[in-house]
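This report introduces a protein chain to a reader who has not met it before. The sequence and the model are shown first, and the description follows.

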Amino acid sequence: MKKLSAILAAALLAAVSCSKEAPEAQTVTVHFSVDGAFSAFITDGPALKSVADGSSVTEMYVGVFDSGGNAIQGLSKKVDKSASTGFNFDLQLVESLSYRVVLFAQSTGRFVSGENWAEGLRNISLTGFGFCSEADDAFTVTADVTPASQRSVEVSLARPWAQLNVATDQDWAANWASQTATIKVSGVPTSFDAYDGSVSGSASLSVSGTA
């Protein structure tokens with residue numbers, strides 16, 4: 001019996017020692033300030049600047065990835081655009097680790113959705129584009145974060161692709177409003193990885209619409 005008691009005591013001491021050597025990971029709050037002045041490709045003329053201005057973007061998916069590029073589901077979140085604070089948000093991160101945080105803003109449900117959307121940020125399907133479609137707007141950025149030295153992160157969203165717009169002068173539109181224009185492009189990527197900005201796949205794109 002004494003021998004058994006000694007074994008149990010040694011096991012308990014070992015458990016306490018292990019607990020002291022591996023304390024619970026400390027989490028800290030990291031605040032992200034997201035620039036709402038979306039970067040655009042359109043620069044010429046006030047008429048064009050009013051098109052594809054990002055006004056349809058209402059939600060942002062925040063994917064949190066470990067150093068190996070694996071999505072951490074428990075930390076990833078969706079942020080709805082606020083009239084007062086835009087897309088600003090906080091994350092609770094382990095102070096001793098490092099992360100890559102991927103931000104992808106879109107119109108509701110356009111490109112990213114579903115249960116496993118964090119992994120989906122690495123394989124965004126590029127389909128269904130149309131003429132002058134505000135729903136096709138998207139903005140993204142990545143940030144490598146080390147919570148031990150960062151409590152605040154400032155980022156600016158930019159377009160991973162441009163919206164396809166067709167503009168005409170007033171006389172042409174009045175005379176040809178019923179005519180359909182078609183643009184065909186070959187070699188268009190079919191998938192976008194928001195984690196590293198890479199694309200894959202190749203397809204032909206044909207888009208039609210009226211003036």
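## A buried aspartate in a loop

The structure described here is a predicted model. The account begins with D136, which is found in the loop between β6 (124-125) and β7 (138-145). This residue has a relative accessible area of 3%; because the cut-off for burial is under 20%, D136 counts as buried.

Setting aside residues up to four places away in sequence, D136 touches R110, F111, G128, F129, G130 and W161. With G130 there is also a polar approach: a polar atom of the D136 side chain lies 3.1 Å from the backbone nitrogen of G130.

The loop between β6 and β7 also holds D137. With a relative accessibility of 1%, D137 is buried. Its C-alpha atom is separated by 7.8 Å from that of R159, and the two residues are 22 residues apart along the chain.

## The chain as a whole

The chain contains four helices and twelve strands. Of its 211 residues, 30% are buried. The accessible surface amounts to about 12,200 Å², and carbon and sulfur atoms contribute 53% of that surface.

Contacts that link distant parts of the sequence figure prominently in the count. Among contacts in the chain with a separation of 6 or more, 71% are between residues 24 or more positions apart.

## Q106 and its polar partners

Which strand holds Q106? The residue lies in strand β5, which spans residues 99-106. Its relative accessibility is 0%, so Q106 is counted as buried.

The side chain of Q106 has polar partners in two places. One is the side chain of E59, with which the Q106 side chain makes a polar contact at 2.8 Å. The other is the backbone oxygen of V112, which lies 2.8 Å from a polar atom of the Q106 side chain. Beyond its neighbours within four places in sequence, Q106 is in contact with S56, V57, T58, E59, Y61, F111, V112 and D137. Two of these names appear elsewhere in this report: F111 is also touched by D136, and D137 is placed in the loop between β6 and β7.

## A partly exposed serine

S113 is placed in the loop between β5 (99-106) and α3 (117-120). Is this residue buried, partly exposed or exposed? Its relative accessible area is 48%; since burial requires under 20% and exposure over 50%, S113 is partly exposed.

S113 can also be located relative to K78. The two residues are 35 residues apart in sequence, and their C-alpha atoms are 9.9 Å apart in space.

## Two valines in strands

V141 is found in strand β7. Its relative accessibility is 18%, and V141 therefore counts as buried, the limit being under 20%. Apart from neighbours within four places in sequence, V141 is in contact with V101, V102, L103, V155, S156 and L157. The C-alpha atoms of V141 and A194 are separated by 7.7 Å, although these residues are 53 residues apart along the chain.

V153 lies in strand β8, which covers residues 152-158. At 7% relative accessibility, V153 is buried. Leaving out neighbours within four places in sequence, the contacts of V153 are V30, H31, F32, S33, A143 and V145. With F32, the sequence separation is 121 residues, while the C-alpha to C-alpha distance is 4.8 Å.

## The largest pocket

Rolling a probe the size of a water molecule over the atoms reveals where empty space remains. What is the volume of the largest pocket? The volume is about 320 Å³. The pocket is lined by 17 residues, and those nearest its centre are F129, W161, A162, V188 and L205. Two elements, β9 (180-188) and β12 (203-210), give two or more residues to this lining. The greatest contribution comes from β9, with three residues.

By class, the lining consists of 14 nonpolar, two polar and one charged residues. F129 and W161, both among the residues nearest the centre of the pocket, are also touched by the buried residue D136, with which this report began.

Note on methods
Residues numbered from 1 in each chain as written. Predicted model: local features only at pLDDT ≥ 70, side-chain atom pairs only at ≥ 80, totals over all residues. Heavy atoms only, no water. Buried < 20%, exposed > 50% of the residue type's maximum accessible area, 1.4 Å probe, protein only. Contact = heavy atoms within 4.5 Å. Areas by Shrake-Rupley, 256 points an atom, 1.4 Å probe, with all protein chains shown as cover. Polar contact = N/O pair within 3.5 Å; in protein donor to acceptor, adjacent residues only side chain to side chain. 1 Å grid on protein atoms, 1.4 Å probe; cavity = no way out; pocket = protein on both sides within 12 Å on 5 of 7 lines; lining within 4 Å. Points joined across faces, edges and corners; volume = space filled by probe spheres on them. Nonpolar A, V, L, I, M, F, W, Y, C, P; charged D, E, K, R; others polar.
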